[in-house]
Amino acid sequence: MKKSKKLAVILLTLLMLLSLSACSMVDMPVLKAALNFARLNSAHVVPEGELGLKINVPAYGMNMDILFTADGDLDYCADPLQLAGELRIQAMDETIEVLVYGEDRGGDFILDYSVDGAPWENLTLGKTSDIQDSMDKTSDLSISDLIGLGKELGQMFSGFTKAGQEHVNGMSATRYDAVISLRSVLDTEEGRKAFLEGMAKSLNMDAAVLAEKIDLSSLEDMPLSVWLDDASGNIAKVRLDLTPTMQSLFASGLLDALLASETGLEEVDFSLELSAMDLALSFSQYDSVGTIERPRISGAVGGAEEPADSPVNTDSALSIGSGWMGTVSIANHAGQGSIENGDYEVWAVLDQSGGRPYFEIYDAEDAHSSEAAPIMSFWAALEGDCIRPEIDPDEPWDAWLLNIQLDKKAEDELIFTLEDGVLSASYFYYDADRREACDMSFLLAPEA
């Protein structure tokens, strides 16, 4: 699901930023634990998150509260810098499973992710050297350095207050609470730059454009809690309550506009309200995580396991005359039309007519050999491992999906990509005449 994928990546990025900055606590006895934490080379991380939204789309008669919850299991190593594991996101009785694997490639720290068994995609979290330099500088700090840092940043933090004992990971731990004043953080050039760049990357925006759209002076403070393991003194858990901060961002209308743009609802009366957002990370297996390996994808088309080491001949797989079979998944349906959420079996063919390639999908086996009409059809441009629609605005009847004619935007939005033998695409379907919308995800494998 395209939008679910984007949400998963945003949540995952926020969790990553939190985990990589968890060593910035600056108060006694928390600073001692922070110093020890910064010197760890590996740890097992359990992320947890919650995002509550109230969505109102009068044109569709939609007025609902949606609660997204997230949890997972991740293994982290500082040298060499690696991350691997799984993140699970639950919403509206559905679960999205995201496999992640991060490593250095060519000097960049690349995070690969696979959503619900789909082929791997990736995003760049930054220069590996920059991340490691930041971590090395922190791990080289002394207690006196941290005390000095605490004095320098004193106006940004309320100071940690001992809140009492609780249980974390089955162990007794003491909780310390503090408040981060974002307005004070953003008064510094370095703090402002870090905040804008981190938020811009999460929202897939330019930092300069983001700075123009939000009022940083209106950002609310951010509550922070840290749990210290009573036996070892290590940081057992870190929690950030982002609700007040994100609500102040929502007040600008920025995120409403972003979501409307992502879903193609710019012309529709649309409102969005955030009710809750918090993130937490729990830690265990300090310096005892073994070898970190890329998770294996299971549950691909047909439920088959990801091939071990058998390379795919993409030149022959993505060729004229090839047949495909798999599923189209429909989710998040809205409107009064007859489309229903679910997974449907489909067949596809990449062929040519008059020397011009075309790509079609049918809801019945071998239907392309008869007079049956395809549920999707377009003239195709073959670009490496991708099939891209070629839309002629003067002949819109030559490209369609279900009840809509595809327009030029489909050339950038409906792209089928071949990876590890699986042809996949995601598309937000919107029928203006019927006022009907849904997310569509295609997963196709070559016919035997």
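**Exercise 1. Find what share of the contacts in this predicted model with a separation of 6 or more joins residues 24 or more positions apart.**

Solution. Take the contacts in the protein with a separation of 6 or more. Residues 24 or more positions apart account for 58% of them. For one case, go to cysteine 386, in strand 16 (residues 386-389). Its C-alpha atom is 6.2 Å from that of leucine 418, 32 residues along the chain. Next, list the contacts of cysteine 386, leaving aside neighbours within four places in sequence: Leu318, Ala381, Ile415, Phe416 and Thr417.

**Exercise 2. Decide whether each partner in the salt bridge of glutamate 48 and lysine 237 is buried or partly exposed.**

Solution. Start with the bridge. The two side chains meet at 4.0 Å, N to O. Place the partners: glutamate 48 lies in strand 1 (residues 42-57) and lysine 237 in strand 10 (residues 235-241), so the pair ties together parts 189 residues apart in sequence. Now apply the cut-off: buried means under 20% relative accessible area. Lysine 237, with 18%, is buried. Glutamate 48, with 35%, is partly exposed.

**Exercise 3. Do the same for arginine 294 and aspartate 112.**

Solution. Their closest N and O atoms are 2.9 Å apart in a salt bridge. The pair links distant parts of the chain, 182 residues apart: arginine 294 is in the loop between strand 11 (271-284) and helix 10 (314-317), and aspartate 112 is in strand 5. Arginine 294 has a relative accessible area of 32%, so it is partly exposed. Aspartate 112 has 4%, so it is buried. A search of the whole structure finds 15 salt bridges. Asp71, Asp73, Glu86 and Arg88 are linked in a network of them.

**Exercise 4. Explain why helix 8 counts as largely enclosed.**

Solution. Helix 8 spans residues 243-250. Its buried residues are Thr243, Thr245, Met246, Ser248, Leu249 and Phe250. That is six of the eight, so the helix is largely enclosed by the rest of the structure. For the protein, 49% of the 448 residues count as buried.

**Exercise 5. Assign two acidic residues, aspartate 116 and glutamate 411, to buried or partly exposed.**

Solution. Aspartate 116 is in the loop between strand 5 (108-115) and strand 6 (121-127). Its relative accessibility is 37%, so it counts as partly exposed. Aspartate 116 forms a negative surface patch with Asp93, Glu94 and Glu97. Glutamate 411 lies in helix 11 (residues 410-413). Its relative accessibility is 18%, so it counts as buried. Beyond four places in sequence, glutamate 411 touches Arg388, Pro389, Glu390 and Ile391.

Note on methods: Residues are numbered from 1 along each chain as its sequence is written. This is a predicted model: local features need pLDDT of at least 70, side-chain atom pairs count only at pLDDT 80 or more; totals for chains, interfaces and linings use all residues. Side-chain values use heavy atoms; hydrogens and water are left out. Patches are made of residues with over 30% relative accessible area and no salt bridge: like charges are joined within 9 Å, nonpolar side chains (Val, Leu, Ile, Met, Phe, Trp, Tyr) within 5 Å. Accessible areas come from the Shrake-Rupley method with a 1.4 Å probe; for residues, only the protein chains shown count as cover. Lys and Arg count as positive and Asp and Glu as negative; His and the chain ends are not counted. The place of a charge is taken as NZ of Lys, CZ of Arg, CG of Asp or CD of Glu. Helices (H or I, at least four residues) and strands (E, at least two) are DSSP runs, numbered from the N terminus. Buried means under 20% relative accessible area, exposed over 50%, partly exposed in between (1.4 Å probe, protein chains only). Contact means heavy atoms within 4.5 Å.
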